[in-house]
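Biologist: Could you take me through this protein, beginning with its secondary structure and then turning to its packing and surface?

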Amino acid sequence: MKLFKRIQYVVIFFVKYTYDYVKSNLFLLKDMLSIHDSTSPAIVKYPLLSRKKHEIALLSILVSLPPGTLVLAIKSDPATLYVHGVYAGTPDEFRSQIRKVELLMLRALRSVNESEVLGEK
């Protein structure tokens, strides 16, 4: 049963991340073809739930992959990312989007549910 749950988490992560990736590319295409500027750039400090080096590295790649986002710096103590987003909206909205990706990634990697990742039981 644990194997099925782990496969389920990986598939959910892959499908949701792929959907968000395609959506962000289409948004960028629409913005490029539009005469209106819909950018709202921001640089945010994002405190990480990830603690292992491979988790932090993977999250950095996942955040930088969609167009318009880039990890500028990684601090290890405390674990923090500094992320630039061209279509960030408000800093809190942008942090929320990154948190969503991180939680999905941690569920897929660690095979735990979101409440365990957040330390709630």
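The exchange below covers the fold first and the surface afterwards.

Modeller: This is a predicted model, in which local features need pLDDT of at least 70 and side-chain atom pairs count only at pLDDT 80 or more, while totals for chains, interfaces and linings use all residues. Residues are numbered from 1 along each chain as its sequence is written, and side-chain values use heavy atoms, with hydrogens and water left out.

Biologist: In what pattern do the helices and strands follow one another along the sequence?

Modeller: Helices (H or I, at least four residues) and strands (E, at least two) are DSSP runs, numbered from the N terminus. The protein has four helices and three strands. Read along the sequence, their pattern is α-β-α-β-β-α-α.

Biologist: Which residue in strand 3 stands opposite V71?

Modeller: Two strands pair if DSSP finds at least two bridges between them, and strand 2 (residues 69-76) pairs with strand 3 (residues 79-85) in the antiparallel sense over seven bridges. A hairpin through two residues joins strand 2 to strand 3. Opposite V71, in strand 3, stands V83.

Biologist: What percentage of the 121 residues is buried?

Modeller: Buried means under 20% relative accessible area, with a 1.4 Å probe and protein chains only. Among the 121 residues of the protein, the buried share is 29%.

Biologist: How far apart do the centres of the positive and negative side chains lie?

Modeller: Lys and Arg count as positive and Asp and Glu as negative, leaving out His and the chain ends, and each charge is placed at NZ of Lys, CZ of Arg, CG of Asp or CD of Glu. With 17 positive and 11 negative side chains in the protein, the distance between the centres of the two sets is 7 Å.

How values were computed. Buried means under 20% relative accessible area, exposed over 50%, partly exposed in between (1.4 Å probe, protein chains only).
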